[in-house]
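Reader: I am new to reading protein models, and I would like to learn how a description of one is put together. Could you take me through an example slowly?

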Amino acid sequence: MQRVKRGLNTFKFIGIVYALCLIENLIIRTVLTLSEWSSLNEPFLDLLKIFGYGLFHDTLFFGYFVVPLLFIILIIPKSAWKLKACRYTAHAIVFLIIVMFSFQAHAEWFFWGEFHSRFNFIAVDYLIYTQEVIGNIRESYPMCWVYTSILLTSGLIYYGAKPWVSRSL
């Protein structure tokens, strides 16, 4: 039986990307929380705050993030999503999004290790003094291994998400 090509299911596609965003942030939040478990004053209440505020923050972040993605989806006619090239492009976009989420998680891990905080005002200095910061990062961390870890993590996540992405197209 031949599969009917139906085009993009926008809500399902965006939902998959949103789920990937939440999962990535949940993992990094859990890892960072476990690494600082002994500093929690009231574990139950602290966990509610950490994960409750985290979900709210992640949803806001995704709200900003999804606007360009929706714009791309809306400018491409629905009939074009039936073409192989558009489906491959959608998979490439999802993979790039996963790489960006993975990069964010790795960056937060190293930022946390240095400042015991998630991204904050110190991160703004990273944007302002880019040359110095990039030089310091290259001196302090084995970037080849960091990049390899980002790509391997992204590849594994994409491999797991690929069937869902395919079903949304």
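Author: What follows is a conversation about the fold, the surface, the cysteines and the aromatic rings. This is a predicted model, in which local features need pLDDT of at least 70 and side-chain atom pairs count only at pLDDT 80 or more, while totals for chains, interfaces and linings use all residues. Residues are numbered from 1 along each chain as its sequence is written, and side-chain values use heavy atoms, with hydrogens and water left out.

Reader: How many helices and how many strands are there in the chain?

Author: Helices (H or I, at least four residues) and strands (E, at least two) are DSSP runs, numbered from the N terminus. Here the chain has six helices and zero strands, which gives the pattern α-α-α-α-α-α when it is read along the sequence. Its C-alpha atoms fill a box of roughly 60 × 40 × 30 Å, taken along the principal axes.

Reader: What percentage of the residues count as buried?

Author: Buried means under 20% relative accessible area, exposed over 50%, and partly exposed in between, with a 1.4 Å probe and protein chains only. By that rule, 33% of the 169 residues of the chain count as buried.

Reader: How many disulfides does the structure hold?

Author: In general, a disulfide is a covalent bond between the sulfur atoms of two cysteines. In a model it is recognised as a pair of cysteine sulfur atoms within 2.5 Å, and this structure holds zero of them. Cys86 is buried, at a relative accessible area of 15%, whereas Cys144 is exposed, at 57%.

Reader: How many aromatic pairs does the structure hold?

Author: A pair of aromatic rings is described by the distance of the centres and the angle of the planes. Rings of Phe, Tyr and Trp (its six-membered ring) pair if their centres lie within 6.5 Å; planes under 30 degrees apart count as stacked, over 60 as edge-to-face and the rest as tilted. The structure holds four such pairs. One of them joins Tyr18 and Phe62, whose ring centres are 5.0 Å apart and whose planes stand at 50 degrees, so the pair is tilted. Because Tyr18 lies in helix α1 (residues 10-35) and Phe62 in helix α2 (residues 43-75), the pair ties together parts that are 44 residues apart in sequence. Tyr18 is partly exposed at 25% relative accessibility, while Phe62 is buried at 6%.

Reader: At what angle are the ring planes of Phe95 and Tyr158?

Author: Those planes are at 85 degrees, with the ring centres 5.7 Å apart, so the pair is edge-to-face. Phe95 belongs to helix α3 (residues 84-115) and Tyr158 to helix α6 (residues 143-168), so that the pair links distant parts of the chain, 63 residues apart.
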